[in-house]
Amino acid sequence: MSDELVLLETSSGVATLTLNRPERRNGWSPELEAAYFTALDTCDADDAVRAVVLTGAGTTFCPGLDTQRLSVVSSTGLDLGGRPPVFHPRRFRKPLIAAINGACAGVGLIQALLCDVRFAARGARFSTAFARRGLAAEYAISWLLPRYVGVEHALDLLLSARTFEAEEAHRLGLVSRLCEPEDVLRAAQAYAADIAAHCAPAALAAIRQQVYTDLEGGLEEAMRRALHLMQVTNAAPDLAEGVASFVERRTPRFGPLGRFDAGQVTGTAVPAAGLTADDVLAPRPPER
(Lines give C-alpha, C1' and ligand atoms only; values in the text may rest on other atoms or scores of the structure.)
Protein backbone atom coordinates (compact mmCIF):
# COMPACT_ATOMS: atom_id res chain seq x y z
CA MET A 1 0.00 0.00 0.00
CA SER A 2 1.30 3.46 -0.91
CA ASP A 3 2.36 5.98 1.73
CA GLU A 4 0.12 8.56 0.08
CA LEU A 5 -2.78 9.65 2.29
CA VAL A 6 -5.19 9.61 -0.65
CA LEU A 7 -4.75 7.30 -3.62
CA LEU A 8 -5.95 8.46 -7.04
CA GLU A 9 -6.62 6.02 -9.86
CA THR A 10 -8.38 6.84 -13.13
CA SER A 11 -10.18 4.56 -15.57
CA SER A 12 -12.90 5.18 -18.18
CA GLY A 13 -13.41 8.79 -17.13
CA VAL A 14 -13.78 7.86 -13.44
CA ALA A 15 -11.27 8.77 -10.75
CA THR A 16 -11.30 6.65 -7.61
CA LEU A 17 -10.05 8.42 -4.50
CA THR A 18 -9.14 6.14 -1.61
CA LEU A 19 -8.66 7.48 1.90
CA ASN A 20 -5.44 5.66 2.67
CA ARG A 21 -4.72 5.40 6.38
CA PRO A 22 -5.65 1.76 6.97
CA GLU A 23 -3.31 1.53 9.95
CA ARG A 24 -5.48 4.24 11.58
CA ARG A 25 -8.75 2.90 10.09
CA ASN A 26 -8.77 6.02 7.84
CA GLY A 27 -9.29 8.26 10.84
CA TRP A 28 -9.74 11.89 9.80
CA SER A 29 -6.89 14.33 10.35
CA PRO A 30 -5.90 17.75 8.98
CA GLU A 31 -3.36 16.00 6.78
CA LEU A 32 -5.91 13.58 5.35
CA GLU A 33 -8.36 16.44 4.87
CA ALA A 34 -5.78 18.47 2.93
CA ALA A 35 -4.81 15.48 0.77
CA TYR A 36 -8.45 14.66 -0.03
CA PHE A 37 -9.39 18.22 -0.93
CA THR A 38 -6.24 18.57 -3.05
CA ALA A 39 -7.13 15.36 -4.88
CA LEU A 40 -10.61 16.74 -5.55
CA ASP A 41 -9.09 19.91 -6.98
CA THR A 42 -6.82 17.81 -9.19
CA CYS A 43 -9.82 15.85 -10.51
CA ASP A 44 -11.83 19.04 -11.00
CA ALA A 45 -9.12 20.47 -13.25
CA ASP A 46 -8.60 17.24 -15.24
CA ASP A 47 -10.95 17.03 -18.23
CA ALA A 48 -10.20 13.31 -18.52
CA VAL A 49 -12.03 12.86 -15.19
CA ARG A 50 -15.80 13.13 -15.51
CA ALA A 51 -16.88 11.58 -12.20
CA VAL A 52 -15.23 10.62 -8.91
CA VAL A 53 -15.75 7.73 -6.49
CA LEU A 54 -14.64 8.12 -2.87
CA THR A 55 -13.89 5.06 -0.73
CA GLY A 56 -11.65 3.93 2.12
CA ALA A 57 -8.66 1.61 2.23
CA GLY A 58 -9.03 -1.67 4.08
CA THR A 59 -12.31 -2.46 5.77
CA THR A 60 -13.42 1.03 6.84
CA PHE A 61 -14.59 4.18 5.08
CA CYS A 62 -13.84 6.80 7.75
CA PRO A 63 -14.93 6.30 11.37
CA GLY A 64 -14.46 9.95 12.28
CA LEU A 65 -11.63 11.95 13.78
CA ASP A 66 -8.48 9.92 14.38
CA THR A 67 -8.57 8.75 18.02
CA GLN A 68 -5.01 9.97 18.62
CA ARG A 69 -5.98 13.45 17.49
CA LEU A 70 -9.20 13.24 19.50
CA SER A 71 -7.16 12.60 22.64
CA VAL A 72 -5.04 15.69 21.94
CA VAL A 73 -8.10 17.82 21.24
CA SER A 74 -9.76 16.69 24.47
CA SER A 75 -6.84 18.09 26.47
CA THR A 76 -5.82 21.15 24.45
CA GLY A 77 -8.98 22.16 22.58
CA LEU A 78 -9.67 22.21 18.86
CA ASP A 79 -7.72 24.64 16.71
CA LEU A 80 -9.44 25.14 13.34
CA GLY A 81 -7.25 28.06 12.28
CA GLY A 82 -6.03 27.87 8.71
CA ARG A 83 -8.22 24.89 7.83
CA PRO A 84 -10.04 24.83 4.48
CA PRO A 85 -13.85 24.88 4.31
CA VAL A 86 -15.20 21.49 5.40
CA PHE A 87 -17.85 21.94 2.68
CA HIS A 88 -15.11 22.20 0.05
CA PRO A 89 -16.54 19.17 -1.85
CA ARG A 90 -19.59 21.29 -2.69
CA ARG A 91 -17.28 23.43 -4.87
CA PHE A 92 -16.45 20.34 -6.93
CA ARG A 93 -18.06 20.51 -10.38
CA LYS A 94 -18.38 16.80 -11.14
CA PRO A 95 -20.48 13.93 -9.75
CA LEU A 96 -19.04 12.65 -6.47
CA ILE A 97 -20.06 9.13 -5.46
CA ALA A 98 -19.34 7.53 -2.07
CA ALA A 99 -18.55 3.81 -1.91
CA ILE A 100 -18.95 3.26 1.84
CA ASN A 101 -17.09 0.01 2.43
CA GLY A 102 -17.13 0.01 6.22
CA ALA A 103 -17.38 2.13 9.37
CA CYS A 104 -18.63 5.65 8.65
CA ALA A 105 -19.06 8.04 11.58
CA GLY A 106 -18.59 11.59 12.79
CA VAL A 107 -16.73 13.75 10.31
CA GLY A 108 -16.48 10.68 8.06
CA LEU A 109 -20.26 10.60 7.89
CA ILE A 110 -20.31 14.32 7.10
CA GLN A 111 -17.94 13.78 4.17
CA ALA A 112 -20.13 10.92 2.93
CA LEU A 113 -23.14 13.24 3.11
CA LEU A 114 -21.24 15.81 1.03
CA CYS A 115 -21.07 13.26 -1.78
CA ASP A 116 -23.93 13.28 -4.29
CA VAL A 117 -24.87 9.59 -4.20
CA ARG A 118 -23.96 6.96 -1.61
CA PHE A 119 -23.42 3.25 -2.12
CA ALA A 120 -22.98 1.24 1.09
CA ALA A 121 -21.76 -2.26 1.83
CA ARG A 122 -24.25 -4.42 3.70
CA GLY A 123 -23.27 -4.52 7.33
CA ALA A 124 -21.29 -1.28 7.21
CA ARG A 125 -21.81 0.57 10.50
CA PHE A 126 -22.76 4.22 10.84
CA SER A 127 -22.99 6.70 13.71
CA THR A 128 -23.17 10.43 14.18
CA ALA A 129 -21.02 9.79 17.31
CA PHE A 130 -20.84 13.40 18.52
CA ALA A 131 -23.15 13.24 21.57
CA ARG A 132 -21.30 10.20 22.93
CA ARG A 133 -18.05 12.17 22.80
CA GLY A 134 -19.51 15.24 24.53
CA LEU A 135 -19.64 17.21 21.30
CA ALA A 136 -22.24 19.37 19.56
CA ALA A 137 -23.48 18.44 16.09
CA GLU A 138 -20.32 19.43 14.24
CA TYR A 139 -19.84 21.05 10.84
CA ALA A 140 -23.56 21.71 10.28
CA ILE A 141 -24.57 18.04 10.21
CA SER A 142 -27.66 19.39 12.01
CA TRP A 143 -28.52 21.05 8.67
CA LEU A 144 -27.45 18.18 6.42
CA LEU A 145 -29.01 15.20 8.14
CA PRO A 146 -32.68 16.37 8.33
CA ARG A 147 -32.59 17.02 4.59
CA TYR A 148 -31.80 13.36 3.97
CA VAL A 149 -33.85 11.57 6.62
CA GLY A 150 -36.31 14.11 8.09
CA VAL A 151 -36.28 15.91 11.42
CA GLU A 152 -37.30 13.07 13.75
CA HIS A 153 -34.90 10.52 12.28
CA ALA A 154 -32.12 13.12 12.31
CA LEU A 155 -32.76 13.92 15.96
CA ASP A 156 -32.85 10.21 16.79
CA LEU A 157 -29.46 9.64 15.15
CA LEU A 158 -27.93 12.80 16.63
CA LEU A 159 -29.33 12.58 20.16
CA SER A 160 -28.70 8.88 20.67
CA ALA A 161 -25.49 8.78 18.61
CA ARG A 162 -26.29 5.08 18.34
CA THR A 163 -24.64 2.73 15.89
CA PHE A 164 -26.80 1.59 12.99
CA GLU A 165 -26.06 -0.55 9.98
CA ALA A 166 -26.24 0.08 6.25
CA GLU A 167 -29.59 -1.66 5.96
CA GLU A 168 -31.19 0.91 8.28
CA ALA A 169 -29.28 3.72 6.57
CA HIS A 170 -30.89 2.57 3.33
CA ARG A 171 -34.38 2.44 4.82
CA LEU A 172 -33.94 5.96 6.19
CA GLY A 173 -32.71 7.32 2.84
CA LEU A 174 -29.21 8.06 4.08
CA VAL A 175 -27.78 5.87 1.30
CA SER A 176 -29.48 5.00 -1.96
CA ARG A 177 -27.72 1.75 -2.88
CA LEU A 178 -26.97 -1.39 -0.85
CA CYS A 179 -24.32 -3.81 -2.11
CA GLU A 180 -22.47 -6.86 -0.94
CA PRO A 181 -19.17 -5.77 0.64
CA GLU A 182 -17.10 -7.20 -2.18
CA ASP A 183 -19.22 -5.39 -4.78
CA VAL A 184 -19.69 -1.89 -3.33
CA LEU A 185 -16.69 -0.22 -4.96
CA ARG A 186 -17.25 -1.91 -8.31
CA ALA A 187 -20.93 -0.92 -8.30
CA ALA A 188 -20.14 2.72 -7.50
CA GLN A 189 -17.48 2.80 -10.21
CA ALA A 190 -19.88 1.30 -12.77
CA TYR A 191 -22.50 3.93 -11.89
CA ALA A 192 -19.93 6.70 -12.21
CA ALA A 193 -18.65 5.27 -15.50
CA ASP A 194 -22.17 5.30 -16.94
CA ILE A 195 -22.51 8.98 -16.02
CA ALA A 196 -19.07 9.71 -17.49
CA ALA A 197 -19.96 8.01 -20.76
CA HIS A 198 -23.48 9.35 -21.31
CA CYS A 199 -23.87 12.75 -19.60
CA ALA A 200 -22.54 16.15 -20.64
CA PRO A 201 -19.96 17.51 -18.17
CA ALA A 202 -21.31 21.06 -18.34
CA ALA A 203 -24.86 19.83 -17.73
CA LEU A 204 -23.66 17.80 -14.74
CA ALA A 205 -21.85 20.79 -13.29
CA ALA A 206 -24.92 22.97 -13.79
CA ILE A 207 -27.31 20.46 -12.20
CA ARG A 208 -25.05 19.86 -9.21
CA GLN A 209 -24.71 23.59 -8.61
CA GLN A 210 -28.45 24.11 -9.03
CA VAL A 211 -29.47 21.47 -6.50
CA TYR A 212 -27.08 22.59 -3.77
CA THR A 213 -27.87 26.26 -4.32
CA ASP A 214 -31.63 25.79 -4.61
CA LEU A 215 -31.78 23.95 -1.26
CA GLU A 216 -31.61 27.30 0.49
CA GLY A 217 -33.64 29.48 -1.85
CA GLY A 218 -37.20 29.93 -2.99
CA LEU A 219 -38.86 28.91 -6.22
CA GLU A 220 -38.47 32.29 -7.88
CA GLU A 221 -34.72 32.37 -7.26
CA ALA A 222 -34.39 28.81 -8.53
CA MET A 223 -36.30 29.70 -11.69
CA ARG A 224 -34.12 32.73 -12.32
CA ARG A 225 -30.97 30.64 -12.05
CA ALA A 226 -32.46 27.91 -14.24
CA LEU A 227 -33.32 30.38 -16.98
CA HIS A 228 -29.76 31.73 -17.03
CA LEU A 229 -28.37 28.20 -17.26
CA MET A 230 -30.92 27.21 -19.91
CA GLN A 231 -29.81 30.12 -22.05
CA VAL A 232 -26.21 28.91 -21.88
CA THR A 233 -26.74 25.16 -22.25
CA ASN A 234 -29.27 25.48 -25.06
CA ALA A 235 -26.75 27.49 -27.06
CA ALA A 236 -23.87 25.05 -26.48
CA PRO A 237 -22.75 22.26 -28.87
CA ASP A 238 -23.65 19.64 -26.24
CA LEU A 239 -27.34 19.96 -27.09
CA ALA A 240 -26.81 19.12 -30.76
CA GLU A 241 -24.55 16.22 -29.81
CA GLY A 242 -27.03 14.94 -27.22
CA VAL A 243 -29.83 14.94 -29.79
CA ALA A 244 -27.67 13.42 -32.56
CA SER A 245 -26.38 10.62 -30.34
CA PHE A 246 -29.94 9.79 -29.27
CA VAL A 247 -31.24 9.72 -32.83
CA GLU A 248 -28.24 7.75 -34.08
CA ARG A 249 -28.35 5.40 -31.08
CA ARG A 250 -24.69 5.82 -30.19
CA THR A 251 -22.64 6.93 -27.22
CA PRO A 252 -22.45 10.74 -27.12
CA ARG A 253 -19.18 12.58 -27.64
CA PHE A 254 -19.66 15.55 -25.33
CA GLY A 255 -16.99 18.19 -25.04
CA PRO A 256 -14.89 18.62 -21.90
CA LEU A 257 -15.97 20.66 -18.92
CA GLY A 258 -13.09 23.09 -19.29
CA ARG A 259 -13.63 26.28 -17.30
CA PHE A 260 -17.41 26.20 -17.26
CA ASP A 261 -18.66 27.54 -13.93
CA ALA A 262 -22.38 27.43 -13.23
CA GLY A 263 -21.92 29.76 -10.29
CA GLN A 264 -20.56 32.46 -12.58
CA VAL A 265 -23.48 31.99 -14.96
CA THR A 266 -26.06 32.37 -12.19
CA GLY A 267 -24.11 34.77 -10.03
CA THR A 268 -24.68 32.52 -7.03
CA ALA A 269 -22.12 30.48 -5.12
CA VAL A 270 -23.02 27.21 -3.42
CA PRO A 271 -23.78 28.15 0.21
CA ALA A 272 -21.04 27.47 2.78
CA ALA A 273 -18.69 26.01 0.16
CA GLY A 274 -16.14 28.70 0.94
CA LEU A 275 -16.87 29.29 4.62
CA THR A 276 -13.94 28.62 6.94
CA ALA A 277 -13.67 28.59 10.71
CA ASP A 278 -11.42 31.64 10.43
CA ASP A 279 -14.34 33.55 8.86
CA VAL A 280 -16.40 32.89 11.99
CA LEU A 281 -13.99 32.41 14.88
CA ALA A 282 -11.10 34.73 14.07
CA PRO A 283 -10.68 37.44 16.71
CA ARG A 284 -12.31 40.70 15.74
CA PRO A 285 -10.19 43.85 15.75
CA PRO A 286 -10.85 46.04 18.76
CA GLU A 287 -13.38 48.80 18.27
CA ARG A 288 -12.04 52.32 18.27
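**Stop 1: helix α9**

Select Glu220, Arg224 and Gln231: these exposed residues sit on the face of α9 that is turned away from its buried side. The model on the screen is a predicted one. Now select residues 219–234 to show the whole of α9, a helix of 16 residues. From its first C-alpha to its last it reaches 21 Å, close to the 22 Å expected at 1.5 Å a residue.

Next, colour Ala222, Arg225, Ala226 and Leu229, the buried residues of α9. Why do they line one face of the helix? Looking down the axis of α9, the buried residues fall within an arc of 105 degrees, so they line one face. A general rule helps here: an α-helix has 3.6 residues a turn, so residues three or four places apart point the same way.

To see what lies over that buried side, add α8 (201–214) and α11 (262–266), which are among the elements that cover it.

**Stop 2: Cys199**

Select Cys199, found in the loop between α7 (184–198) and α8. Is Cys199 buried or partly exposed? Cys199 is partly exposed, with a relative accessible area of 29%. Show Leu204 and Phe254 as well: Cys199 touches both, not counting residues up to four places away in sequence. Then pick the C-alpha atoms of Cys199 and Thr251, which are separated by 9.7 Å although the two residues are 52 residues apart along the chain.

**Stop 3: the sheet**

Switch to the strands. Six of them form an open sheet, in the order β1-β2-β3-β5-β7-β10, with mixed pairing. In general, strands of a sheet pair through backbone hydrogen bonds, either parallel or antiparallel. Find β1 (6–11) and β10 (177–179) at the edges; each has a single partner strand, so one side of each is left without a neighbour in the sheet. On average, neighbouring strands of this sheet are turned by 20 degrees against each other, direction ignored.

Now select residues 96–100, which make up strand β5. Five of its five residues are buried, so β5 is largely enclosed by the rest of the structure. Both faces of β5 are covered: one side carries Leu96, Ala98 and Ile100, and the other carries Ile97 and Ala99.

Add the strands that pair with β5:

- Strand β3 (residues 51–56) runs parallel to β5 and is joined to it by three bridges. Look for Leu54, which stands opposite Ala98 in β5.
- Strand β7 pairs with β5 in the parallel sense over four bridges. Here Ala99 stands opposite Phe119 in β7.

From β7 (residues 117–121), move on to β10: the two run parallel and are joined by three bridges. Ala121 has Cys179 as its bridge partner in β10.

**Stop 4: His170**

Select His170, which belongs to helix α6 (residues 166–172). His170 is partly exposed, with a relative accessible area of 34%. Which residues is His170 in contact with, leaving aside its neighbours within four places in sequence? They are Val175, Ser176, Arg177 and Leu178. Pick the C-alpha atoms of His170 and Ala120 too: the residues are 50 residues apart along the chain, and these atoms are separated by 8.3 Å.

**Stop 5: helix α5**

Select residues 151–160 for helix α5 and mark its buried residues, Ala154, Leu157 and Leu158. They cover an arc of only 95 degrees around the axis, which puts them on the same side of α5. Turn to the other side of α5 to find Glu152 and Leu159, which are exposed. The buried residues of α5 pack against α4 (141–149), β9 (164–165) and α6. Just after α5 comes Ala161, whose phi is positive, near 50 degrees.

**Stop 6: the nonpolar cores**

In soluble globular proteins, nonpolar side chains tend to be buried together. In this model, the largest nonpolar core has 47 residues. Select Leu17, Tyr36, Ile100, Phe126, Leu145 and Leu174, the members that touch the most other members. Helix α1 (residues 30–45) gives the largest share of this core, six residues.

Zoom in on Leu145. Leaving aside neighbours within four places in sequence, its contacts are Leu113, Thr128, Gly150, Ala154, Leu157, Leu158 and Leu174. Apart from the largest core lies another one, of 13 residues, including Val14, Val53, Ile97 and Ala99.

Terms used: Residues numbered from 1 in each chain as written. Predicted model: local features only at pLDDT ≥ 70, side-chain atom pairs only at ≥ 80, totals over all residues. Heavy atoms only, no water. Expected span 1.5 Å × (residues − 1). Buried < 20%, exposed > 50% of the residue type's maximum accessible area, 1.4 Å probe, protein only. Arc of directions from axis to C-beta. Contact = heavy atoms within 4.5 Å. Core = buried A, V, L, I, M, F, W, Y, C linked by side-chain atoms within 4.5 Å. Pairing = 2+ DSSP bridges. Axes fitted to C-alpha atoms, helices over the stretch in contact; angles between N-to-C directions.
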